[in-house]
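Reader: I am new to this structure. Please take a close look at a single part and describe it in one connected answer.

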Amino acid sequence: MTDFALAGTVLTRDLVTATGKLVASRGEIVDVGYLKHLAAKAPKDARQRALHETKVSESVLEAFDAAPLQHLAGPPDARAQIADALCEVRFPDAVWQELDTLREEDAMRFQHAVWTAVVAARLFRAALGEAPGLSRLVGGALVHDIGMRHAAQRLRFKRDHLTANEALTLEDHPIAGALVLASSLGDAPAVHFALLHHTRAGFGYPRIAGKPPLRGLDLVSVAGASSTLIAPRPFRQQPFNARGAADQLCDEANAGYFDARAVRLLIHCMRGAKGPMNDLRLPRTATGFRPARNHHGVSRAQAQAGA
């Protein structure tokens, strides 16, 4: 695991996996050092199952037909590429159990996991072709947000803006997800993606010092953000449409929150990935649908009051 540092997080409750394994206790300070220690103790010979051997495969097939994903996953050639990348994703049973439990407890975020994996598979195939290790990156996209299963339910489903304290509490979910995955997978891309998918080039969380492992993180972050924007959420009036999501991501890339190349690749794939990406011409005006009411995050008034 590449050396970098982040401030320690004090757990407010026991962190227990879906199989009942205690990963860290309430009151414990968890940081990168703890994460490395946990990864070093992960089983080395655990039997792994492929995605096509699990119920997740059924949800992938449903995602192929989901209207919001038709620009990316609809064409037959795109489906074939995505399916090839996903079918080789393998995890031990403990990780599949996390996803099964997420499906039972929070169908909306289970869908987010699957949609992110589908979008990420499309992006990785377009960027890397059939490069070795691709399934590990796509698998990391599938479980990148598994830490949300360990966040308080009232925060996951809140319709209004979060208070400043609620936002800070929710910011613990990346380290929770990384710890859960490290306990089963050791030092794997999935652990890095879980920990770092909200860093937003230093504008998000957790705040890190040093150079983190970024291979593929930019694509997973964009795939996750896109999948969130085009799906229903309690805190917004309606989902973004595909063009509106692209407009939003372009704005955020221009502000430095996302890698602009990753956003361009997403748009390139939405347009069929035909021809060199360098020939891509972005629209000069934003014309996609973006919902008027979007209570994502802390309200501006609350943010100013806390400044």
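Author: What follows is about helix α6, its packing against α5, and a salt bridge that involves α5.

This is a predicted model, in which local features need pLDDT of at least 70, side-chain atom pairs count only at pLDDT 80 or more, and totals for chains, interfaces and linings use all residues. Residues are numbered from 1 along each chain as its sequence is written, and side-chain values use heavy atoms, with hydrogens and water left out.

Helix α6 covers residues 107-128; helices are DSSP runs of H or I with at least four residues, numbered from the N terminus. Its 22 residues should span 32 Å at 1.5 Å a residue, and the end C-alpha atoms are 31 Å apart, which agrees. The expected span is 1.5 Å times one less than the number of residues. Of the 22 residues, 17 are buried, so α6 is largely enclosed by the rest of the structure; buried means under 20% relative accessible area, exposed over 50%, and partly exposed in between, with a 1.4 Å probe and protein chains only. Just after α6, G129 has a positive phi of about 65°.

Helix α5 (residues 93-105) packs against α6 at an angle of about 135°, their axes 6 Å apart. The contact (heavy atoms within 4.5 Å) involves L99, L102, R103 and E105 of α5 with A107, R109, F110 and A113 of α6.

E105 also forms a salt bridge with R149, the closest N and O atoms being 3.4 Å apart; a salt bridge is a side-chain nitrogen of Lys or Arg within 4 Å of a carboxyl oxygen of Asp or Glu. R149 lies in the loop between α7 (134-142) and α8 (153-156), so the pair ties together parts 44 residues apart in sequence. R149 is buried, at 11% relative accessible area, whereas E105 is partly exposed, at 40%.

Definitions and conventions: Helix = DSSP H or I, 4+ residues; strand = E, 2+ residues; numbered from the N terminus. Axes fitted to C-alpha atoms, helices over the stretch in contact; angles between N-to-C directions.
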